[in-house]
Amino acid sequence: MSVLNTSRGDTRRGAGRGAARPPVPRKSFSAWANRHRKWLFAAPAMIFVGVLIVFPLAWTLYLSLTDSQGSVRAATEFIGLENYVTVLSDVERFWPAVGRTLSFTGVALACEVVLGMGIALLLWRPFRGEKWVRVAILLPLVATPVAVGMMWRLIFDPNIGFVNQLLGMIGIPPQPWLSGQDTALGTTIFMDIWQWTPMVVLILLAGLTSLSEEPDEAARMDGANAFQRFFFITLPLMMPTVIVAILLRGIDALKTFDILYATKGKGGGSFHEVETLNVYAYGLSFDYNQYGLSSAVLILFFMIIIGTMWLLTMRKKAVSK
Amino acid sequence: MTVLTQSQTSAAPQAPAPRRRKPLGTRAYKVFRVVALVAVVLFLIAPLFWMLLASFKTNVDIYDTAKSFIFTPTGENYANVLQRNNYFIFIFNSFWVAFVSTALSLVLGVPAAYAMSRFTMGRSALVVLMARVIPGVSLLVPWYYVFSNLKMVGGFEVLILSHMFVALPLIVYIMMSYFDSLPLELEESAQVDGLTPIGAFRRITLPLSVSGIATAGILSFIFSWNNFMFALVLSGSKTKTLPVAIFDFVSYASIDWGGLMAAATVVTIPIMIIALFTQKYIVSGLTAGATKG
């Protein structure tokens, strides 16, 4: 998101300052405050961010170059890039975790965008009972992820879960779902889709309602059918909004932690079935106290996130033109 | 819908409403739309409904598939959860942390967002908004080290600070797009009329921004209420928040499903009630900045 904002408001440069000089204030403090209000307003938040975010991040970068483990207070030695070498050559935990993170995000995002677009189109034009549908859309979105994880644990339970009960009615044998080594990741993706498709719907719906009607109208006059109008008119016009939705959702999906930890616990289950980078780094830090290694994982993870965002922002710029 | 022809639609009456109120042609589409909408609503609501049902069942009934929908409801799970496990304390903790972190973030974030919007502080905004991208775990190790040296881990202060890490960037982000959309002329004319710039901000801009501030505040409250990871590491036995309390539920040998579902319901119900009453704000906050560049 950050990247989206940098260009905003360029046209206003200095307008607030130059347009109307205040009448000479009497008190000198207020004059000083008014003159420096830009930094006076921004500084507290910036200092907070600096102390609580930039400094820890720098520390993480430093830790990733040391052999810190056991306790953060223990003496550490500077070992250069060794942690990165260890991590990058780790094909048992690190690379599978990268794969899971990317497939979790990719599959969840793809489903959420397609479903989200479908639902947004359904809601686009007003109808009776719209209010209730909107409430239904909001509920998963605000539900506490840990509670949601527990809820799905019961529903997907192989023995007593409602899903297997339903499947039984149509003659499909019970599936292991969360407890299966191959099915666990897919099941958590499903949970993510349930909880976050509404978010995509809301963003896309905001985009749809802000579209101008003329292009669609013109295509209609020219005899284009609904599918043609969607794929050749609406979708291209919606592309910037779609990419914003992907960007917003993608960042959070990459960082998914709550439902994975709530449903599978430490290490993403006994076979690390759902161990994504975030779960892996958390485990290294707080279950195994391997601070050096976990910091290296986190720095790499951070670079993956930034890289993905950068790619999407580039794509958005290309699309917006 | 391919059947939708030009003659049909051009015959449709044009409604004056700002949103499109043209009936969408064919009956087939209408039926499809109703069916699809019902399916969507069922898909979204059914799991929550199931959780609610299970929270009123005894564990024996939960294991009995014949009693999926017909059973004798019991309030025992709730009594257990609320009394024996002292959930009132966790509810208070969650509420207090969310409330204070939201209030403090608003105090810091709203003026900052204003400055960044009016003075086009792109780079500064970028620094604050970076916080939304950083994986929380990477901050937890340094925080834990510093705060445990200061003997603050397990206190409310640390939890509140960590939740502000989520709240502040969110508030800055929402308020920036709100201030961007607020016309500059109002402040300018207030200044012509003799207000100082800060006075204009306080007496003109702030009162006009109440709905934006409500939006940012509600969302930040919800995110803080739902936050799990920070509380998992930084909360102590006295400051445990609800999500961590639920998580602790399953670390025992066998899962008390009824109690777990009651606990999960206790966490989600307050936030859903807030959401029902503030729907408009939540939607506008979540979609802030999504439709413009």
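Author: A quick definition before we start: helices here are DSSP runs of H or I, at least four residues long, numbered from the N terminus. With that in hand, Leu182(B) sits in the loop between α8 (156–181) and α9 (185–192) of chain B. Bear in mind that this is a predicted model.

Reader: Why is Leu182(B) called partly exposed?

Author: Count the C-beta atoms. Leu182(B) has 17 others within 10 Å. Buried needs 20 or more and exposed needs 12 or fewer, so a value in between is called partly exposed.

Reader: Which residues farther along the sequence is Leu182(B) in contact with?

Author: Leaving aside neighbours within four places in sequence, Leu182(B) touches Thr205(B), Leu208(B) and Ser209(B). As for Ser209(B), its C-alpha atom is 8.4 Å from that of Leu182(B), with their positions 27 residues apart along the chain.

Reader: What makes α6(B) oblique to α8(B)?

Author: The axes of α6 (residues 122–130) and α8 in chain B come within 8 Å and cross at roughly 135°. Roughly perpendicular stops at 115 and roughly antiparallel starts over 145, so an angle between those counts as oblique. That's why α6(B) is oblique to α8(B).

Reader: And which residues of α6(B) make that contact?

Author: Ala125(B), Val128(B) and Leu129(B), facing a set on α8(B) that includes Leu168(B) and Met176(B). By class, the contact has eight nonpolar, no polar and no charged residues.

Reader: How far should I trust chain A?

Author: Chain A averages a pLDDT of 85, and 91% of the residues score at least 70. Over residues 1–20 of chain A, though, the pLDDT is below 50. Where pLDDT is low, the predicted coordinates shouldn't be read in detail.

Definitions and conventions
Residues are numbered from 1 along each chain as its sequence is written. Chains are lettered from A and ligands numbered from 1 in the order in which they are written. This is a predicted model: local features need pLDDT of at least 70, side-chain atom pairs count only at pLDDT 80 or more; totals for chains, interfaces and linings use all residues. Helices (H or I, at least four residues) and strands (E, at least two) are DSSP runs, numbered from the N terminus. Two residues are in contact if their C-beta atoms, placed from the backbone, lie within 7 Å. pLDDT is the predictor's confidence in each residue, from 0 to 100. Axes are lines fitted to C-alpha atoms, for helices over the stretch in contact, and angles run from 0 to 180 degrees between N-to-C directions. Angles under 35 degrees count as roughly parallel, over 145 as roughly antiparallel, 65 to 115 as roughly perpendicular and the rest as oblique. Ala, Val, Leu, Ile, Met, Phe, Trp, Tyr, Cys and Pro count as nonpolar, Asp, Glu, Lys and Arg as charged, and the others, Gly among them, as polar.
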